Amino acid sequence: MALVAPSILSADFGRLHDDIVDVLDRGAHWVHVDVMDGRFVPNITIGPVVTKAAARAAKANGHDALVDVHLMIVEPDRYVQDFRDAGAELITVHAEACLHLHRSIQAIKATGAKAGVSLNPHTPESVLDYVLDDLDLVLVMSVNPGFGGQSLIETSFTKIERLRREIDRRANGVLIEVDGGVKADNARRFTEAGAHVLVSGSGVFNASDRTAAIAALAAA
Ligand code: DX5
Ligand code: ZN
C-alpha cells in the first residue's frame with residue numbers, strides 16, 4: 001500500500017481546480033506541487049499564487065489532501081514562508097540547492113510546515129546522515145528534475161533500499177517519497193524497495209482511466 005501524490009505538472013492548468021478535485025475524488029491522497037525556477041532546473045513552472053489555488057482545491061469537495069510542495073529552486077529559504085502562506089503543509093527543498101541544509105530544514109519547520117529534502121539521481125543518501133532525524137520525508141528523484149514524462153533511472157531503487165534500511169534502523173518514522181517516471185506498471189518496484197509515497201504526474205493525469213491508475217499505485 002502506498003500514498004499517491006499526483007503531480008499537478010501534468011494537469012490541465014486551464015481547469016486546474018477541477019482536475020485536482022477529480023484525482024482526489026478518484027482516490028489520490030496528496031497534491032504534489034512542482035515549483036521550478038529556471039535556475040536549479042531548466043524549466044519554469046509555478047509560484048505561490050498557483051500553489052494557493054492548488055491548496056484550495058486540495059481542501060475542496062470534502063477532501064483534506066496534504067499540500068506537498070517540491071521546491072526545485074535555488075536559495076529556497078527566501079521563499080519558504082511564501083509557500084507556507086499559500087497553503088503548503090509539507091515543503092521539500094533540494095540538498096543540492098542548499099549550502100546550509102540544516103538551516104534550511106529549520107527554516108521550514110519554523111513556519112509550522114513538515115520538512116522534506118530531495119536528492120537528485122547522482123546525490124548519495126549519505127548527505128542526509130546528520131539531518132535525517134530532523135526530517136519528515138526524503139524525496140528520492142528517480143529522474144533528473146525539470147520535466148514530467150521522463151523514464152526512470154534504475155539506480156534509484158538502490159538508493160531507496162539503502163535509505164529505507166537506515167530509516168528503519170533509526171526508527172525515526174521518516175517517509176520516503178519517490179518522484180519521476182512512476183507509473184501503475186512499475187509502482188511495485190518502488191514500494192518493494194521501500195518507498196511510502198508515490199508521486200506520479202503523467203501516470204495519473206494522462207491515464208486513459210485515472211481511477212484505475214490511482215488504484216494500481218495505491219495498491220502497489
Ligand atoms: C520532475 C517533477 C515531477 C514530475 C513527475 O521534475 O518533480 O514531479 O512532474 O512527472 P512524471 O510522473 O510524469 O514523471
Ligand atoms: Zn516533484
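Buried means under 20% relative accessible area, exposed over 50%, and partly exposed in between, with a 1.4 Å probe and protein chains only. By that scale alanine 171, a good place to start, is exposed, with a relative accessible area of 65%. The model on screen is predicted, so local features need pLDDT of at least 70 and side-chain atom pairs count only at pLDDT 80 or more, while totals for chains, interfaces and linings use all residues. Residues are numbered from 1 along each chain as its sequence is written, chains are lettered from A and ligands numbered from 1 in the order in which they are written, and side-chain values use heavy atoms, with hydrogens and water left out.

**Stop 1: alanine 171 and strand β7**

Select alanine 171 in the loop between α5 and β7; helices (H or I, at least four residues) and strands (E, at least two) are DSSP runs, numbered from the N terminus. Its phi is near 50°, a positive value in a residue other than glycine.

Now select strand β7, residues 175–179. Of its 5 residues 4 are buried, so β7 is largely enclosed by the rest of the structure.

**Stop 2: the neighbours of β7**

Add strand β6, residues 137–141, which pairs with β7 in the parallel sense over 5 bridges; two strands pair if DSSP finds at least two bridges between them. Valine 138 has isoleucine 176 of β7 as its bridge partner. From β6 the chain crosses through helix α5 (residues 156–170) to β7, a right-handed β-α-β crossover. Right-handed here means that, with the strands pointing away from the viewer, the path from the first strand over the helix to the second runs clockwise.

Next add strand β8, residues 197–200, which runs parallel to β7 and is joined to it by 3 bridges. Here valine 178 has leucine 198 as its bridge partner. With helix α6 (residues 187–193) between them in the unit's order, β7, α6 and β8 make a right-handed β-α-β unit.

**Stop 3: the zinc ion**

Select ligand 2. Which residues coordinate the zinc ion? They are His32 (NE2), Asp34 (OD), His70 (ND1) and Asp179 (OD), at 2.0 to 2.2 Å. Donors are N, O and S atoms within 2.8 Å of the metal (3.2 Å for Na, K and Ca), and water is not among the atoms, so sites may look incomplete. Along the chain the donors follow the spacing H-x1-D-x35-H-x108-D. Aspartate 34 lies in strand β2 (residues 30–36) and histidine 70 in strand β3 (residues 66–72), so the pair ties together parts that are 36 residues apart in sequence. Aspartate 34 and histidine 70 are both buried.

**Stop 4: ligand 1**

Keep aspartate 34 selected and show ligand 1. A polar side-chain atom of aspartate 34 lies 2.5 Å from an oxygen atom of ligand 1. Glycine 146 has a backbone N or O atom 2.7 Å from an oxygen atom of this ligand. For glycine 201, a polar backbone atom is 2.7 Å from an oxygen atom of ligand 1.

**Stop 5: two further residues**

Select asparagine 61, in the loop between α2 (48–58) and β3. The phi of asparagine 61 is near 55°, a positive value in a residue other than glycine. Asparagine 61 counts as exposed, at 56% relative accessibility.

Finish at aspartate 18, in helix α1 (residues 16–25). Is aspartate 18 buried, exposed or partly exposed? At 46% relative accessibility, aspartate 18 counts as partly exposed. From C-alpha to C-alpha, aspartate 18 and valine 143 are 28 Å apart in space, and they are 125 residues apart in sequence.

Notes. A polar contact is a pair of N or O atoms within 3.5 Å; within protein, one must be able to donate a hydrogen and the other to accept it, and residues adjacent in sequence count only if both atoms are side-chain atoms.
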